[in-house]
Amino acid sequence: ERAYLLTVFGVAAFVLIAFNALAQVARIYFIESFAQKLIHTLSQRLLSNYMRQPILFFNGENTGELGKSLLDDSKEVVRYAVRPLLAIASGCVSGFVVVAILLKTSATITIAGILVTSASYVLFYVSTRKHMSKQGAKAVEHNAGRHRITREALLGVRDVKALGAERTFELEYSMRSSRLAESLVNSTMLN
C-alpha cells in the first residue's frame, strides 16, 4: 500500500510539474504577445499622430530623428516599464506554485521531475534551433522595413502630405510593425 501511495504521489507530482511547465509557456506567450502588441500600438499611434501634424510642425525638426525616436521610444516604454512589471507579477505566482508543489513531494520525485524537465528543454532547444533562426531573420527583415517606411514618411513628410499619401505610409507601417510583433512573439516563444 505504501508503494501504491508513493506511485500515486509521484504521478501526481509529475502531472503538476508538467502543468506548471505548460503554465510557464502560457505566461511567456501572454506577456510577450501583450508587450509586442503594445509596442505596435504605441508606435502606430505615434506615427499617425505625426502624420496628422501640419507641415509647420516639421519646420526646424530633424524628421529622420523623429522616426528613430518613434521606434525606439515605444520599445523602451515596454521593455523597461511594462515587461518587467508583468514578469515580476507572473514570476511570483509561478514561483509560489512550484515551491508549494515541491514542498509537498519527496526529494526523489523532485529530482526526477527536474531531470525530466531539463531533458525536455534540451530536446526542445535542439529541435527548434533552425526555426528560431528563421524567426530571427524574419524579425530583422520586418524591423528594417518598419525603419525604412518611417524614415521615408518622415524625411519626405512635406511631399507625403502634399500628395495626400499619409494613409499609404500608415498602412505599410502597420503591416510591417504587426508582422514584426508576430515574429518576435514566435521567436520569444521558441526561446
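Where do Lys68 and Asp72 both lie, and how many residues apart are they? The legends below answer this and then visit other parts of the structure, which is a predicted model.

**View 1. Lys68 and Asp72 meet through their side chains in a salt bridge.** Both residues lie in helix α3, which covers residues 63–104. They are four residues apart there, or about one turn of the helix. Look for the N to O contact between the two side chains, at 2.9 Å. Lys68 is partly exposed, since its relative accessibility is 44%. Asp72 is partly exposed too, with a relative accessible area of 23%. This pair belongs to a set of six salt bridges in the structure, and two further examples follow.

**View 2. Arg148 and Glu152 form a salt bridge.** In this pair, the closest N and O atoms are 3.3 Å apart. The setting is helix α4, made up of residues 107–155. Arg148 and Glu152 are separated by about one helical turn because they sit four residues apart in this helix. How accessible is Arg148? Its relative accessibility is 31%, so Arg148 counts as partly exposed. Glu152, at 37%, is likewise partly exposed.

**View 3. Arg176 joins Glu172 in a salt bridge.** Here we move to helix α6, residues 166–190. The two partners are four residues apart in that helix, so about one helical turn separates them. Between their closest N and O atoms the distance is 3.4 Å. Is Arg176 buried or exposed? Arg176 has a relative accessible area of 18%, and because buried means under 20%, Arg176 counts as buried. Its partner Glu172 has a value of 25% and is partly exposed.

**View 4. Four residues gather in a patch of positive charge on the surface.** Which residues make up this patch? They are Arg129, Lys130, Lys134 and Lys138. To find your way, start from Arg129, which belongs to helix α4. Arg129 is partly exposed, and its relative accessible area is 43%.

**View 5. Tyr29 and Phe30 form an edge-to-face aromatic pair.** Three aromatic pairs turn up in a search of the whole structure, and this is one of them. A pair of aromatic rings is described by the distance of the centres and the angle of the planes. For Tyr29 and Phe30, the centre-to-centre distance is 5.5 Å, with 70° between the planes. Tyr29 is partly exposed, having a relative accessible area of 36%. Phe30 reaches 55% relative accessibility and therefore counts as exposed, a label that applies over 50%.

**View 6. The rings of Tyr50 and Phe57 make a tilted pair.** What are the distance between the centres and the angle between the planes in this pair? The centres are 6.2 Å apart and the planes stand at 35°, so the pair is tilted. Tyr50 has a relative accessible area of 14% and is buried, whereas Phe57 is partly exposed at 31%. Which residues form one aromatic cluster here? Tyr50 and Phe57 do so together with Phe58.

Technical notes. Residues are numbered from 1 along each chain as its sequence is written. This is a predicted model: local features need pLDDT of at least 70, side-chain atom pairs count only at pLDDT 80 or more; totals for chains, interfaces and linings use all residues. Side-chain values use heavy atoms; hydrogens and water are left out. Helices (H or I, at least four residues) and strands (E, at least two) are DSSP runs, numbered from the N terminus. Buried means under 20% relative accessible area, exposed over 50%, partly exposed in between (1.4 Å probe, protein chains only). Patches are made of residues with over 30% relative accessible area and no salt bridge: like charges are joined within 9 Å, nonpolar side chains (Val, Leu, Ile, Met, Phe, Trp, Tyr) within 5 Å. Accessible areas come from the Shrake-Rupley method with a 1.4 Å probe; for residues, only the protein chains shown count as cover. Lys and Arg count as positive and Asp and Glu as negative; His and the chain ends are not counted. The place of a charge is taken as NZ of Lys, CZ of Arg, CG of Asp or CD of Glu. Rings of Phe, Tyr and Trp (its six-membered ring) pair if their centres lie within 6.5 Å; planes under 30 degrees apart count as stacked, over 60 as edge-to-face and the rest as tilted.
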